[in-house]
Amino acid sequence: MEVSPETPATSTPGRARRADMKIGIIGAGNIGGNLTRRLTAFGHDVSVANSRGPHTLKELADETGATPVRAEEAARGAEIAVVTVPLKAVPDLPSGLFDEAADGLAVIDTGNYYPQRDGRIAGIEDEGLTESRWTARQIGHPVVKAFNGTYAQDLLDRHRPAGDPERMALPVAGDDEAAKRKVRDLIEELGFDTVDAGGLDDSWRQQPGTPVYGLRGGVDAVTRALAEASPERPEEFRG
């Protein structure tokens, strides 16, 4: 979920931080841009790409110290890659995008299906695939669904140390438990709790129109919202 970014903020991590990682971010919109700001502030080695080329990312690179690259280079050597592009753009991502990534790569999918923007996607509408299951099939790599219902500005403004009563929790869904743990650790480093939302086939519980989508709540509130979700896609999110 994206809103316009403002001034970046730093965070005190909620747990002992792990060693710096190489992270690739594919998509430099509001979510991708703010993740670049936060992750470079922690000292991670971030490569960032968009559809228009590295020369258009000079301002973000100068601000953060991230390395602007072409999309096909973004995941090279990466332990974590973030795919944060409109769903309609996912099939156009370069083939072999993750061929040169580090072993054990975790891919985060932040995407949402908005038919008014993306057009009608048959795999989602007719086959009943969850949005992230569809994305995983397109890119040929398992994904972990996270950040899709998070306001971009909250990444800068609403992080809190562990134990703070105002600390938000984010749902995280995925089939690969090791990848999901790596993503949850990263989110907790950013200053947010996490709730395990199950596998990718359960990730409809955090898609647009569900109670947890856009929720600014803690672990208990997020857990309740996931349980209250309906598998029926709301009319406004159908093509």
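The exchange below concerns residue N50 and the largest cavity in a predicted model.

Reader: Why is N50 called buried?

Author: N50 has a relative accessible area of 14%, and buried means under 20%, so the residue meets the cut-off and is called buried. N50 lies in the loop between β2 (45-49) and α2 (58-64).

Reader: Which residues does N50 touch, leaving aside those up to four places away in sequence?

Author: N50 touches A28, T56 and L57 when such neighbours are not counted. A28 is 22 residues apart from N50 along the chain, yet the C-alpha atoms of the two are separated by 5.6 Å.

Reader: What makes the link between the side chains of N50 and T56 a polar contact?

Author: The side chains of N50 and T56 are joined at 2.9 Å, and a polar contact requires a pair of N or O atoms within 3.5 Å, one able to donate a hydrogen and the other to accept it, so the pair is counted as a polar contact. The side chain of N50 also reaches the backbone nitrogen of G53, at 2.9 Å.

Reader: How many cavities of 30 Å³ or more does the structure hold, and what lines the largest cavity?

Author: The structure holds one cavity of 30 Å³ or more, and the largest cavity has a volume of about 110 Å³. Its lining comprises 15 residues, of which G149, T150, L170, P171 and V212 lie nearest the centre, and strand β7 (residues 169-174) gives the most to that lining, with three residues. By class, the lining residues of the largest cavity divide into eight nonpolar, five polar and two charged.

How values were computed
Residues are numbered from 1 along each chain as its sequence is written. This is a predicted model: local features need pLDDT of at least 70, side-chain atom pairs count only at pLDDT 80 or more; totals for chains, interfaces and linings use all residues. Side-chain values use heavy atoms; hydrogens and water are left out. Helices (H or I, at least four residues) and strands (E, at least two) are DSSP runs, numbered from the N terminus. Buried means under 20% relative accessible area, exposed over 50%, partly exposed in between (1.4 Å probe, protein chains only). Contact means heavy atoms within 4.5 Å. On a 1 Å grid over the protein atoms alone, a cavity is a set of points where a 1.4 Å probe fits but cannot get out, and a pocket is an open set with protein on both sides within 12 Å along at least five of seven lines; lining residues have an atom within 4 Å of a point. Grid points are joined across faces, edges and corners, and a volume is the space filled by probe spheres set on the points. Ala, Val, Leu, Ile, Met, Phe, Trp, Tyr, Cys and Pro count as nonpolar, Asp, Glu, Lys and Arg as charged, and the others, Gly among them, as polar.
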